[in-house]
Amino acid sequence: LGTPADKRSSIENVDFKTGASGDLCFVTVLHEVFQGQLAIREQQTIVYRDRGLLVAALRAQDDPVPDGYRVMPDTTLLAYSSITHNGHRIHWDRDFCRDVEGYPGLVVHGPLLATLLADTLSQDPKPIRFTYRATAPVFETSPFRVTRTDNSARIERSDGVTAMEAETF
């Protein structure tokens, strides 16, 4: 903190696949932050998909949240994607989400969920490596909870689906 840094990002790989939800494009991006020397190295895989089947909401906007679960509190927190320079409309345009993408509402930005997992896993000594993998979407009204074991944590939706898993080393 307080030391100027340079960030360099480069596309490492682009891979097209077909999965259960349709055609997918995996873009692997390498981010490196330098402060005289390499300080942080992050490999990010971004998944793009064709419009799939309509996704049902886990609950209506005003339905109660099950005990032990929570939902994203407001659109201010959901604006997290804008500070990470992710301008994809699925994170801020509800009409686009419903009418074009077929989602029940805004998609909670994966790095926001990863930050919740990192906060859950932060401990002394601080981990030197943090990995996470998103496996299912969380929508703005999706009840979810964070569970933790020693060096791992996960985001679990109220329908029992694991949406994201993380580990520290």
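Here are some short exercises on this predicted protein model, each with a worked solution.

Before you start: residues are numbered from 1 along each chain as its sequence is written. Because the model is predicted, local features need pLDDT of at least 70 and side-chain atom pairs count only at pLDDT 80 or more, while totals for chains, interfaces and linings use all residues; side-chain values use heavy atoms, with hydrogens and water left out.

**Exercise 1: the fold**

Work out how many helices and strands the protein has, and in which pattern they follow along the sequence.

*Solution.* Start with the terms: helices (H or I, at least four residues) and strands (E, at least two) are DSSP runs, numbered from the N terminus. Counting them gives 4 helices and 7 strands. Now read along the sequence, and you get β-β-β-α-α-α-α-β-β-β-β.

**Exercise 2: overall size**

Check the radius of gyration of the protein against the value for a compact globule.

*Solution.* The radius is taken over C-alpha atoms, and the globule rule is 2.2 Å times the number of residues to the power 0.38. Put in 169 residues and the rule gives a value near 15 Å; the protein has 17 Å, so the two agree. For another view, the C-alpha atoms fill a box of roughly 50 × 35 × 30 Å along the principal axes.

**Exercise 3: helix α4**

Compare the expected span of α4 with its end-to-end distance, then find its buried residues and what covers them.

*Solution.* Step one: the expected span is 1.5 Å times one less than the number of residues. For the 12 residues of α4 (residues 110-121) that makes 16 Å, and the end C-alpha atoms are 16 Å apart, so the helix agrees with the rule.

Step two: buried means under 20% relative accessible area, exposed over 50%, and partly exposed in between (1.4 Å probe, protein chains only). In α4, that picks out L112, L113, A114, L116, L117 and L121 as buried. In the protein, 31% of the 169 residues count as buried.

Step three: the cover over those α4 residues includes the helices α1 (75-78) and α2 (80-83). It also includes the strands β4 (130-134), β5 (144-148), β6 (152-157) and β7 (162-168).

**Exercise 4: C97 and P104**

Is C97 buried or exposed, and which residues does it touch? Then do the contacts of P104.

*Solution.* C97 sits in helix α3 (residues 94-101). Its relative accessibility is 0%, so C97 counts as buried. A contact means heavy atoms within 4.5 Å. Leaving aside neighbours within four places in sequence, C97 is in contact with R89, I90, G102, Y103, G105, L106 and V107.

P104 belongs to the loop between α3 and α4. At 24% relative accessibility, P104 is partly exposed. With neighbours within four places in sequence left out again, P104 contacts V55, A56, A57, R98 and F139.

**Exercise 5: sequence versus space**

How far apart are T45 and R133, in sequence and in space? Repeat this for C97 and D6, and for A134 and L117.

*Solution.* T45 is in strand β3 (residues 37-49). T45 and R133 are 88 residues apart in sequence and 9.2 Å apart in space, C-alpha to C-alpha. C97 and D6 are 91 residues apart along the chain, with their C-alpha atoms separated by 34 Å.

A134 lies in strand β4. The C-alpha atoms of A134 and L117 are 11 Å apart, with their positions 17 residues apart in the chain. Beyond its neighbours within four places in sequence, A134 is in contact with A163 and M164.
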